[in-house]
Amino acid sequence: MRFDFEKNREWSDHLVMVSQLGLTMVLCIGFCFFIGLYLDRSIGTKGIFTVVFILLGVFGGGVTIYRQIIRMTESDTASRKTPDDS
């Protein structure tokens, strides 16, 4: 049994969008976590930089996701406009 992407186009587009947003958030937090961990180990602090950089990763990921959603909704509304709409 094969999944027909053309028949379920809207559903698969939403799945791709949610997956992209989730991966963006995970990668932002993970990248900042490892930077904070590296700084804590090299400087000798006990988790201060890890916590700070995780918070920066959450904030940065949230801003990035917000921008992606705005860009997706703008392109979606632009593609739905007909030539009669102004």
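Q: How many aromatic pairs does the structure hold, and which residues form a pair?
A: In this predicted model, the structure holds one aromatic pair. Phe33 and Phe34 form that pair, with 5.1 Å from centre to centre and 70° between the planes. Planes over 60 degrees apart count as edge-to-face, and the arrangement of Phe33 and Phe34 is therefore read as edge-to-face rather than stacked or tilted.

Q: Are Phe33 and Phe34 buried, partly exposed or exposed?
A: The class follows from the relative accessible area, where buried means under 20% and exposed means over 50%, with partly exposed in between. Phe33 has a relative accessible area of 28% and is partly exposed, whereas Phe34, with a relative accessible area of 55%, is exposed.

Q: How many disulfides does the structure hold, and why?
A: A disulfide is a covalent bond between the sulfur atoms of two cysteines. The structure holds zero disulfides, because the sulfur of Cys28 and its closest cysteine sulfur, in Cys32, are 6.8 Å apart, which is too far for a bond. Read from the other side, the closest cysteine sulfur to that of Cys32 is in Cys28, again at 6.8 Å. The cut-off that this reasoning needs is 2.5 Å between the two sulfur atoms.

Q: What does relative accessibility say about Cys28 and Cys32?
A: Cys28 counts as partly exposed, at 23% relative accessibility, while Cys32 has a relative accessible area of 15% and is buried.

Q: How should the secondary structure of the protein chain be read?
A: The protein chain comes to two helices and zero strands. Helix α1 covers residues 9-43, and Phe31 is found in it; helix α2 covers residues 48-80, and Ile48 lies in it.

Q: What can be said about Phe31, and what separates its C-alpha atom from that of Ile54?
A: Phe31 counts as exposed, at 55% relative accessibility. Sequence separation and spatial separation are worth reading side by side here: Phe31 and Ile54 are 23 residues apart along the chain, and their C-alpha atoms are separated by 8.7 Å.

Q: Which residues does Phe49 touch, and where does Phe49 lie?
A: Phe49 lies in helix α2 and, at 29% relative accessibility, counts as partly exposed. Leaving aside residues up to four places away in sequence, Phe49 touches Gly36, Leu39, Asp40 and Ile43. For one of these residues, Gly36, the C-alpha separation from Phe49 is 4.7 Å, although the two are 13 residues apart along the chain.

Q: Is Gln68 buried or exposed, and which residues does Gln68 touch?
A: Gln68, which is found in helix α2, counts as buried at 11% relative accessibility. With residues up to four places away in sequence not counted, Gln68 touches Gln20, Leu21 and Thr24.

Q: Which residues form a nonpolar patch on the surface?
A: The nonpolar patch is formed by Ile48, Val52 and Leu56, which together have about 270 Å² of accessible area. Ile48 on its own has a relative accessible area of 55% and is exposed.

Q: What do the values for the protein chain say about burial, exposed area and contacts?
A: These are totals, to be read as a summary and not residue by residue. Of the 86 residues of the protein chain, 13% count as buried. The protein chain exposes about 7,200 Å², and carbon and sulfur atoms supply 67% of that area. For contacts, the reference set is those between residues at least 6 apart in sequence, and 54% of these join residues at least 24 apart.

Notes. Residues are numbered from 1 along each chain as its sequence is written. This is a predicted model: local features need pLDDT of at least 70, side-chain atom pairs count only at pLDDT 80 or more; totals for chains, interfaces and linings use all residues. Side-chain values use heavy atoms; hydrogens and water are left out. Buried means under 20% relative accessible area, exposed over 50%, partly exposed in between (1.4 Å probe, protein chains only). Patches are made of residues with over 30% relative accessible area and no salt bridge: like charges are joined within 9 Å, nonpolar side chains (Val, Leu, Ile, Met, Phe, Trp, Tyr) within 5 Å. Accessible areas come from the Shrake-Rupley method with a 1.4 Å probe; for residues, only the protein chains shown count as cover. A salt bridge is a side-chain nitrogen of Lys or Arg within 4 Å of a carboxyl oxygen of Asp or Glu. Helices (H or I, at least four residues) and strands (E, at least two) are DSSP runs, numbered from the N terminus. Contact means heavy atoms within 4.5 Å. Rings of Phe, Tyr and Trp (its six-membered ring) pair if their centres lie within 6.5 Å; planes under 30 degrees apart count as stacked, over 60 as edge-to-face and the rest as tilted.
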